[in-house]
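Please read the following report alongside the sequence and the coordinates. It takes up strand pairing, burial, surface patches and salt bridges in turn.

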Amino acid sequence: MAQQQTSRRRPGTPGAFSRWMQRTMNARMNRKIRRGRGHMMGMDVLILNTVGRRSGQPRETPVAWFADDADGGRLIIASGGGSRHPDWYVNLMAHPDRATIELPGHPPLPVTPHRLDGADRERAWQRIAAAQPRIAKYQSKSDRRYPVIRLTPR
């Protein structure tokens with residue numbers, strides 16, 4: 001009889017199938033963005049390039065973005081990831097100097113990330129939630145407060 005392997009995962013983290021599905025869908029979306037189609041579920045999407053905080057390996061993640069009226073940058077929200085911040089967010093904060101974004105059909109653009117706090121975060125959050133009410137719905141179901149990050153071209 002074959003011995004069944006069990007893995008212990010931390011509560012609030014996705015299982016093996018969920019991780020595989022996420023990687024597969026991310027790769028598919030990245031291909032679409034690179035071909036010039038950067039929309040998903042009514043939102044603009046870009047590829048966020050980060051470096052793994054422990055591995056040092058390059059990481060690519062498609063994320064929804066919103067125009068930032070303050071400086072012409074882009075705003076992204078660290079939603080998803082269950083009860084923890086998504087890996088891309090932790091990687092971005094660990095190596096902010098190595099972040100780039102890819103907009104549909106364009107080469108990578110170096111950016112500087114800045115997590116918004118206080119009144120700046122609230123203003124940005126209100127604009128984002130008004131533009132995409134589903135994001136506010138996701139936030140209402142989460143135990144953590146989603147960080148809002150401004151990406152400014154370097």
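The account below concerns a predicted model, and it begins with the strands before turning to the surface and the charged pairs.

**Strand β2 and its partners**

Strand β2 covers residues 43-51, and because eight of its nine residues are buried, this strand is largely enclosed by the rest of the structure. Its pairing can be followed through three neighbouring strands, which are taken here one after another. With strand β1, which consists of residues 39-40, β2 pairs in the antiparallel sense over two bridges, and within this pairing His 39 stands opposite Asp 44 of β2. The two strands make a hairpin that leaves two residues between them, and Met 41, which belongs to the turn, has a positive phi of about 55°.

Strand β3, residues 58-67, also runs antiparallel to β2, and eight bridges join the two. Leu 48 has Thr 61 in β3 as its bridge partner. Here too the strands form a hairpin, in this case with six residues between β2 and β3, and Gly 56 in the turn has a positive phi of about 75°. A further antiparallel pairing, of three bridges, joins β2 to strand β5, residues 100-102, where Asn 49 stands opposite Thr 100.

**Strand β4**

Strand β4 comprises residues 74-77 and is covered on both faces, since Arg 74 and Ile 76 on one side and Leu 75 and Ile 77 on the other are all buried. To which strands is β4 joined in the antiparallel sense? One is β3, which pairs with β4 over two bridges, and in that pairing Arg 74 of β4 is the bridge partner of Ala 67. Another is strand β7, residues 148-153, which is paired with β4 over four bridges, and there Leu 75 stands opposite Arg 150 of β7.

**Surface patches and a buried helix residue**

Two surface patches draw on residues from the earlier part of the chain numbering. Phe 17, Trp 20, Met 21 and Met 25 form a nonpolar patch whose accessible area comes to about 420 Å² together. Met 21, one of these residues, is placed in helix α1 and is partly exposed, having a relative accessible area of 32%. A patch of positive charge gathers Arg 28, Arg 31, Arg 35 and Arg 37 on the surface. Of this group, Arg 37 lies in the loop between α1 (16-34) and β1, and its relative accessibility of 46% makes it count as partly exposed.

Is Ile 128, in contrast to these patch residues, buried or exposed? Ile 128 is found in helix α3, residues 118-131, and at 2% relative accessibility this residue counts as buried. Its C-alpha atom is separated by 22 Å from that of Ala 99, a residue 29 positions away along the chain.

**Salt bridges**

The count of salt bridges in the model comes to nine, and the table gives three of them with the closest distance between nitrogen and oxygen.

| Salt bridge | N to O distance |
|---|---|
| Arg 34 and Glu 60 | 2.7 Å |
| Arg 127 and Asp 68 | 3.8 Å |
| Asp 120 and Arg 123 | 2.6 Å |

In the salt bridge between Arg 34 and Glu 60, the closest N and O atoms are 2.7 Å apart. This pair links distant parts of the chain, given that Arg 34 is in helix α1 and Glu 60 in strand β3, with 26 residues separating them. Arg 34 is partly exposed, with a relative accessible area of 39%, and Glu 60, at 38% relative accessibility, likewise counts as partly exposed.

The side chains of Arg 127 and Asp 68 meet in a salt bridge at 3.8 Å, N to O. Here again distant parts of the chain are linked, with Arg 127 in helix α3 and Asp 68 in the loop between β3 and β4, 59 residues apart. What is the relative accessibility of Asp 68? The value is 4%, so Asp 68 counts as buried, whereas Arg 127 is partly exposed with a relative accessible area of 34%.

The salt bridge between Asp 120 and Arg 123 has its closest N and O atoms 2.6 Å apart. Because these residues are three positions apart in helix α3, Asp 120 and Arg 123 are separated by about one helical turn. Asp 120 counts as partly exposed at 38% relative accessibility, while Arg 123 is exposed, with a relative accessible area of 52%. Beyond single pairs, Arg 34, Glu 60 and Glu 102 are joined into one network by salt bridges that share partners.

Conventions
Residues numbered from 1 in each chain as written. Predicted model: local features only at pLDDT ≥ 70, side-chain atom pairs only at ≥ 80, totals over all residues. Heavy atoms only, no water. Buried < 20%, exposed > 50% of the residue type's maximum accessible area, 1.4 Å probe, protein only. Pairing = 2+ DSSP bridges. Patch = residues over 30% accessible without salt bridge, like charges linked within 9 Å, V, L, I, M, F, W, Y side chains within 5 Å. Areas by Shrake-Rupley, 256 points an atom, 1.4 Å probe, with all protein chains shown as cover. Salt bridge = Lys/Arg side-chain N within 4 Å of Asp/Glu carboxyl O. Lys, Arg positive; Asp, Glu negative; His and termini not counted. Charge placed at Lys NZ, Arg CZ, Asp CG, Glu CD.
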